[in-house]
Amino acid sequence: MKPEYVKAILTSVNLSDKQVFLGKAHDNSDPNRDEVKRLVNDASIQTQDKDVANDLFMAVLADCFIGYPSSHYSLMVARMRYALGMENTFVLTKKDGDSWVSYVDDDHLVLHDPKKMGLWFG
C-alpha cells in the first residue's frame, strides 16, 4: 500500500491530521513490510508509537479503515463495518478522478456473495 494511496483516502474523508494505526498479520510476521516502511517513513502520515493495531475492535470501530483486498482479515473487518453501518471503509476501491472511492458502498452485500467475490471470499 503506497503512502500516496493512504494520504489520498485520508484527505478525502478529512482525517489526514489523525493518527494511523497499522495492522499486522496474525502471526506477527508482516508480509508487507516494505509497504509498511514506506508508510512509517512518510512524515506526513502519523503512525502509532505502540503495537495496538492487532486489535480487531480497533479496526472495526476506527474512523476510517483502509485494507488490502487480498487480505481475508481486511474483508472480515469490512463486512463487520458495513453491518454496523460504518462509513469510510476502503478495501475494494477504484480511482475516481483524483480520489479513491469504495465501489461496494452502494451494495456492500457483495462482500457476502461467493460468486461475485470469487477467491476473495475466503
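## Aspartate 17 and its loop

Let's start with aspartate 17, which sits in the loop between H1 and E1. Is aspartate 17 buried or exposed? Aspartate 17 counts as exposed, because its relative accessibility is 51% and the cut-off for exposed is over 50%. Along the sequence, aspartate 17 and serine 44 are 27 residues apart, yet in this predicted model their C-alpha atoms lie 8.4 Å from each other.

Asparagine 14 belongs to that stretch too, in the loop between helix H1 (3–12) and strand E1 (19–20). Its backbone is worth a look: asparagine 14 has a positive phi of about 55° although it is not a glycine. With a relative accessible area of 64%, asparagine 14 is exposed.

## The whole chain

Stepping back, the chain has 122 residues, and 34% of them are buried. Its secondary structure comes to five helices and six strands. Reading from the N terminus, the order of elements is α-β-α-β-α-β-α-β-β-β-α. Take the contacts in the chain with a separation of 6 or more: 54% of them are between residues 24 or more positions apart.

How far does the predictor trust its own work? The average pLDDT for the chain is 78, and 81% of the residues score at least 70. Where is confidence lowest, and where is it highest? The low end is helix H5 (residues 114–117), with a mean of 72, while strand E3 (residues 65–66) is at the top with 90.

## Aspartate 42 and its partners

Now for another aspartate. Aspartate 42 is in the loop between helix H2 (33–41) and strand E2 (46–47). Its relative accessibility is 15%, so aspartate 42 counts as buried; the cut-off for that is under 20%.

Which side chains does the side chain of aspartate 42 meet in polar contacts? One is lysine 7, with a polar contact of 2.9 Å between the two side chains. Another is serine 44, where the side-chain polar contact is 2.5 Å. Serine 44 is also the residue whose C-alpha lies 8.4 Å from that of aspartate 17. If you set aside neighbours within four places in sequence, aspartate 42 is in contact with Pro3 and Lys7, so lysine 7 turns up again alongside its 2.9 Å polar contact.

## Glutamine 48

A little further along the chain, glutamine 48 is found in the loop between E2 and helix H3 (56–61). Glutamine 48 counts as buried because its relative accessibility is 16%. Glutamine 19 is 29 residues away from glutamine 48 along the chain, but the C-alpha atoms of the two are separated by 6.4 Å.

## The E5–E6 hairpin

Next, a pair of strands. Strand E5 (residues 93–96) and strand E6 (residues 99–102) run antiparallel, with four bridges joining them. Which residues face each other across the pair? Threonine 93 stands opposite serine 102 in E6, and lysine 94 has valine 101 as its bridge partner.

Together E5 and E6 make a hairpin, with two residues between the strands. Glycine 97 is in the turn and has a positive phi of about 70°.

## Asparagine 88

There is also a positive phi at asparagine 88, of about 60°, although asparagine 88 is not a glycine. Where is asparagine 88 found? The spot is the loop between helix H4 (72–83) and strand E4 (89–90). Asparagine 88 is partly exposed, since its relative accessible area is 25%.

## One cavity

Last, the empty space inside. Rolling a probe the size of a water molecule over the atoms shows where space is left. How many cavities of 30 Å³ or more does the structure hold? There is one, and the volume of the largest cavity is about 30 Å³.

The lining of the largest cavity is made up of Ala78, Tyr82, Thr89, Val91, Leu92, Ser102, Val104 and Leu111. Ser102 has a place in the hairpin as well, standing opposite threonine 93.

Methods. Residues are numbered from 1 along each chain as its sequence is written. This is a predicted model: local features need pLDDT of at least 70, side-chain atom pairs count only at pLDDT 80 or more; totals for chains, interfaces and linings use all residues. Side-chain values use heavy atoms; hydrogens and water are left out. pLDDT is the predictor's confidence in each residue, from 0 to 100. Buried means under 20% relative accessible area, exposed over 50%, partly exposed in between (1.4 Å probe, protein chains only). A polar contact is a pair of N or O atoms within 3.5 Å; within protein, one must be able to donate a hydrogen and the other to accept it, and residues adjacent in sequence count only if both atoms are side-chain atoms. Contact means heavy atoms within 4.5 Å. Two strands pair if DSSP finds at least two bridges between them. On a 1 Å grid over the protein atoms alone, a cavity is a set of points where a 1.4 Å probe fits but cannot get out, and a pocket is an open set with protein on both sides within 12 Å along at least five of seven lines; lining residues have an atom within 4 Å of a point. Grid points are joined across faces, edges and corners, and a volume is the space filled by probe spheres set on the points.
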